[in-house]
Structures are given as structure tokens and as C-alpha cells.
Amino acid sequence: MVHTSSPHILVIEDEPPQMELLAYNLEKEGFRVTRALNGEEGLLIAEESGPDMIILDWMLPIVPGIEVCRQLKKRRDTSHIPIMMLTARGEETDRVRGLDTGADDYVVKPYSVSELIARVRALLRRVRPGSMGETLSYSDLMVDTEKHWVTFKGKRVNLGPTEFRLLCTLLEKPGRVWDRAQLLDRVWGMDKDIDMRTVDVHVGRLRKALRQLDGSDPIRTVRGFGYSLDHSI
Ligand code: CA
């Protein structure tokens, strides 16, 4: 899972005018957009290309959006991808069903494009820290998520993609203690087949890279629980 500079959004929508309106506006805002005109195609593309986020229309022919959502959240390769449902229906039960199915957010049609874009950004920021091309900084640490640059105490640090995502996650809330399962979820995407010790291995690599400068690093081990970015530095 390597982040490129612009987040990749898969749009699953069967009505071409709706699709073009969405794709045009998302692309104008700098997102990469892949189009899928039905649920089957959407499922396939989601598995193959691993988008950062999916915008999914509720009303789709053959396989309805809610079923596509269920499938996406059930499959190992796609369960971590945030989903925004578009629905023309306003009924409360439908909204709840949408969220019960694992949708991360929903937008009711007709929507304003600027509101939708704001919701897309908010969702990406919430579930994928660092995917919005921002600069995250804390104390002596600075991460440019667009250029994939990390500096610690003014010196450039080279990190692998997993270590980079780990650091972005920790930087999201300095001082918060993350347990291994939470880090697995955020960095690897809920893949239950990954051993919890994998987290330790990659945290070890991240610390080693940061320590190269003067032997210190800002990551704190909380015994028996997990890791945190030390808020006292
Ligand atoms: Ca539709």
C-alpha cells in the first residue's frame, strides 16, 4: 500500500450524467478517479486496484449498492477501504442500514458538489491520515505526505512505505496509545491473517531509522499494550 500524491477514488454509479458530474469535480480537486458503471465491475476494480476510498451509489442495477457495500466490507482485500454511500432515499431506516452494512458515511441526493467534496476530504482524513497531501509535524518530526519526506531533528530520514504509514498514524494523535490491533487495522487494513508481531517488527524498523541521527526516537512502548508517540518530547 504505497501512497501516491493524490488519493485514488473509485466511483460506482450507473447513471452516466451523475458519474461524469462526480468524476469531473473530483478530478478538478486533484483526486484520481476510476469509474465503475455497475456493482460487479466495482467489486472487481476495488479488489484489483485498492482505491483509497469508494463512492458507491445506493441505486444500482442487478447488484444493489447495499449488497456491493456488504461484499466490499466482507472481502479481505477491500474491507479496510472507506465507503461513502450515495442515496436518493431519505428514510432513516435506509440510512441506518447503510451504516450497519459498514458504510463509513452517506450523502443524500441531491447533494451540493462542494459539500460532497468536503465530506470526501473529511472521510479520507479520518480513515487515512496522511493521504490528503498534508504536512504533519510534531516536535522535531516533520512529514510531508505529498512528497513522502520525513525529517527528524532537521535531517532527512528514509522510511519504507509501511513504516511511513505507521509514522503518519502515530502523528495523527501524539500521546494516544495505539494497541497492535488498532495499528494493524490502520496500517495494514484489518487483515486478520497478519501476525500481531508484524506490528512490532515494523515499529522496530521505524525506531531504528529515526535513531540513526543521535540514538533517540520519539516512540514510546507501552508494555503489554502497544505504542504511542511520546507527547513529552
Ligand atoms: Ca444509480
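## A buried alanine in β2

Ala36 is buried, with a relative accessible area of 0%. This residue belongs to strand β2, which spans residues 32-36. The model is a predicted one, and Ala36 makes a handy place to start exploring it. Leaving aside residues up to four places away in sequence, Ala36 touches Leu10, Val11, Ile12, Glu13, Met19, Glu41, Gly42 and Ile45. For one of these partners, Leu10, the C-alpha atom is separated from that of Ala36 by 7.3 Å, although the two residues are 26 apart along the chain.

Glu13, another of the residues that Ala36 touches, leads us to the metal site.

## The calcium site

Which residues coordinate the calcium ion? The donors are Glu13 (OE), Asp14 (OD), Glu15 (OE), Asp57 (OD) and Met59 (O), at 2.0 to 2.9 Å. Met59 takes part through its O atom, while Asp57 offers OD. Along the sequence, the donor residues follow the spacing E-D-E-x41-D-x1-M. Glu13 sits in the loop between β1 (8-12) and α1 (16-28), whereas Asp57 is in strand β3 (residues 53-57), so this pair ties together parts that are 44 residues apart in sequence.

Are these two donors buried or exposed? Glu13 has 0% relative accessibility and therefore counts as buried. Asp57 counts as buried too, because its relative accessibility is 1%, and the cut-off for buried is under 20%.

## How confident is the model?

The chain has an average pLDDT of 85, and 88% of its residues score at least 70. Where is confidence lowest, and where is it highest? The low point is helix α4 (residues 92-100), with a mean of 62, and the high point is β1, at 96. The loop that holds Glu13 lies between that strand, β1, and α1.

## Two nonpolar cores

The largest nonpolar core has 26 residues, and the members that touch the most others are Val143 and Ile219. Several elements supply at least two residues each: the strands β6 (135-138), β7 (141-144), β8 (149-152) and β12 (226-229), along with the helices α6 (161-172), α7 (180-188) and α8 (197-211). Of these, α6 gives the most, with 6 residues. Apart from this core lies another, of 20 residues, including Leu26, Leu116, Val120 and Leu124.

Ile219 is worth a closer look. Not counting residues up to four places away in sequence, Ile219 touches Leu170, Val203, Leu206, Arg207, Leu210, Tyr227, Ser228 and Leu229.

## Two hairpins in a row

Strands β6 and β7 pair in the antiparallel sense over 4 bridges. Thr135 stands opposite Asp144 in β7. This hairpin has 2 residues between its strands, and Ser139 takes a positive phi near 50° there, a positive value in a residue other than glycine. With 47% relative accessibility, Ser139 counts as partly exposed.

β7 also runs antiparallel to β8, and 4 bridges join the two. Here Leu141 stands opposite Phe152 in β8. The β7 and β8 hairpin has 4 residues between its strands, and His148 in the turn has a positive phi of about 60°.

Past β8, in the loop between β8 and β9 (155-157), comes Lys153. Its phi is near 55°, again a positive value in a residue other than glycine. Lys153 is partly exposed, with a relative accessible area of 33%.

## A cis proline and a buried glutamine

Which peptide bond is cis? The bond joining Lys109 and Pro110 is cis, with omega at about -5°. Pro110 is in the loop between β5 (105-108) and α5 (113-127).

Gln71 lies in helix α3, residues 65-74. Is this polar-named stop on the tour buried or exposed? Gln71 is buried, with a relative accessible area of 18%, a value to set against the cut-off of under 20%. Its contacts include Leu43 and Thr78, when residues up to four places away in sequence are not counted.

## Cysteines

How many disulfides does the model have? The count comes to 0. Cys69 is buried, at 0% relative accessibility. Cys168 is buried as well, with a relative accessible area of 2%.

Notes. Residues numbered from 1 in each chain as written. Predicted model: local features only at pLDDT ≥ 70, side-chain atom pairs only at ≥ 80, totals over all residues. Heavy atoms only, no water. Donors = N, O, S within 2.8 Å, 3.2 Å for Na, K, Ca; no water. Buried < 20%, exposed > 50% of the residue type's maximum accessible area, 1.4 Å probe, protein only. Disulfide = S-S within 2.5 Å. pLDDT = per-residue confidence, 0-100. Contact = heavy atoms within 4.5 Å. Core = buried A, V, L, I, M, F, W, Y, C linked by side-chain atoms within 4.5 Å. Pairing = 2+ DSSP bridges.
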